[in-house]
Amino acid sequence: MSYEAYKLIHIFGMYLLFLSLGGVTLYTINGGKKSENKFKTVAAITHGVALILLLVAGFGLMKFRGISHSAMPVWVILKIVIWLAFGGLLALASKKEKFAKILWFVFPLLGLFAAYLAFYQPF
Ligand code: HEM
């Protein structure tokens, strides 16, 4: 697969990620209970597919940047940490209104940081 194809998949993964996170977060903020969420399975699958696409395309992109799996720079390690955080935080966003309200602002900032790391590769 080409560098462009991996980029497209990486970006599509981001769309799916923020769609699922935003939807679940707003639902929780409005008092919605996870057990009563009619779309919870689709939202969870969307989130899971997003993470897989981001990971696979992220590692594909690394190959084109000449980064080996055994000697990852700090910015890539930080992106993997952010990816893990995005994986765990959906559960938190669907638990408590208080958490969801905070995460509404945390999610885009985490996304911004992930993009910053990719563009500037500072460390
Ligand atoms: C396992 C996790 C991840 C890995 C290994 C990874 C790796 C990469 C790599 C190697 C690039 C290419 C940089 C370049 O072209 O010079 C990239 C680009 C990018 N990544 Fe990630 N990434 C991961 C997760 C994420 C996440 C969770 C987000 C945001 C939600 C994200 C956002 C971006 C953005 C905005 C770009 C720049 C656009 C592009 O070139 O496609 N990444 N990533």
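Colleague: What pattern does the protein follow, read along the sequence?
Modeller: This is a predicted model. Its secondary structure comes to four helices and zero strands. Read along the sequence, the pattern is α-α-α-α.

Colleague: In which helix is confidence lowest, and in which is it highest?
Modeller: Start with the whole protein: the mean pLDDT is 95, and 100% of the residues reach 70 or more. By helix, the lowest mean is 96, in α3. The highest is 98, in α1.

Colleague: What does the C-alpha trace span along its principal axes?
Modeller: The protein has 123 residues, and 33% of them are buried. Along the principal axes, the C-alpha trace spans about 45 × 25 × 20 Å.

Colleague: Which residues coordinate the iron atom of the ligand?
Modeller: The protein contacts run through NE2 of one side chain and NZ of another, at 1.8 to 2.1 Å. One residue lies in helix α1, residues 3-29, and its partner in helix α3, residues 74-93. They are 69 residues apart, so the pair links distant parts of the chain. The residues are His10 and Lys79.

Colleague: What is the geometry at the iron atom of the ligand?
Modeller: The iron atom has six donor atoms. Angles among them run from 76 to 177°. For six donors, the class requires opposite donors over 155 degrees apart and all others between 65 and 115. The site is octahedral.

Colleague: Is His10 buried or exposed?
Modeller: His10 gives its NE2 atom to the iron. The cut-off for buried is under 20% relative accessible area. At 12%, His10 is buried.

Colleague: Which residues make the nonpolar surface patch?
Modeller: The patch covers about 480 Å². One of its members, Phe12, is found in helix α1. Phe12 has 45% relative accessibility, so it counts as partly exposed. The full set is Ile11, Phe12, Met14, Tyr15 and Phe18.

Colleague: Which side chains meet in a salt bridge?
Modeller: A search of the whole structure finds one salt bridge. Its N to O distance is 3.3 Å. The two residues are four apart in helix α4, residues 97-120, so about one helical turn separates them. They are Glu97 and Lys101.

Colleague: What is the relative accessible area of Lys101?
Modeller: Its salt-bridge partner is Glu97. At 37% relative accessibility, Glu97 counts as partly exposed. Lys101 is also partly exposed. The value for Lys101 is 42%.

Colleague: How many Å separate the C-alpha atoms of Ala43 and Thr25?
Modeller: Ala43 sits in helix α2, residues 40-64. Ala43 is buried, with a relative accessible area of 14%. Thr25 is 18 residues away along the chain. The C-alpha separation is 11 Å.

Colleague: What is phi of Gln121?
Modeller: Gln121 lies in the segment after α4. At 27% relative accessibility, Gln121 counts as partly exposed. Its phi is positive, in a residue other than glycine. The value is near 40°.

Technical notes: Residues numbered from 1 in each chain as written. Predicted model: local features only at pLDDT ≥ 70, side-chain atom pairs only at ≥ 80, totals over all residues. Heavy atoms only, no water. Donors = N, O, S within 2.8 Å, 3.2 Å for Na, K, Ca; no water. Tetrahedral: all angles 85-135°; square planar, octahedral: opposite > 155°, others 65-115°. Buried < 20%, exposed > 50% of the residue type's maximum accessible area, 1.4 Å probe, protein only. Patch = residues over 30% accessible without salt bridge, like charges linked within 9 Å, V, L, I, M, F, W, Y side chains within 5 Å. Areas by Shrake-Rupley, 256 points an atom, 1.4 Å probe, with all protein chains shown as cover. Salt bridge = Lys/Arg side-chain N within 4 Å of Asp/Glu carboxyl O. pLDDT = per-residue confidence, 0-100.
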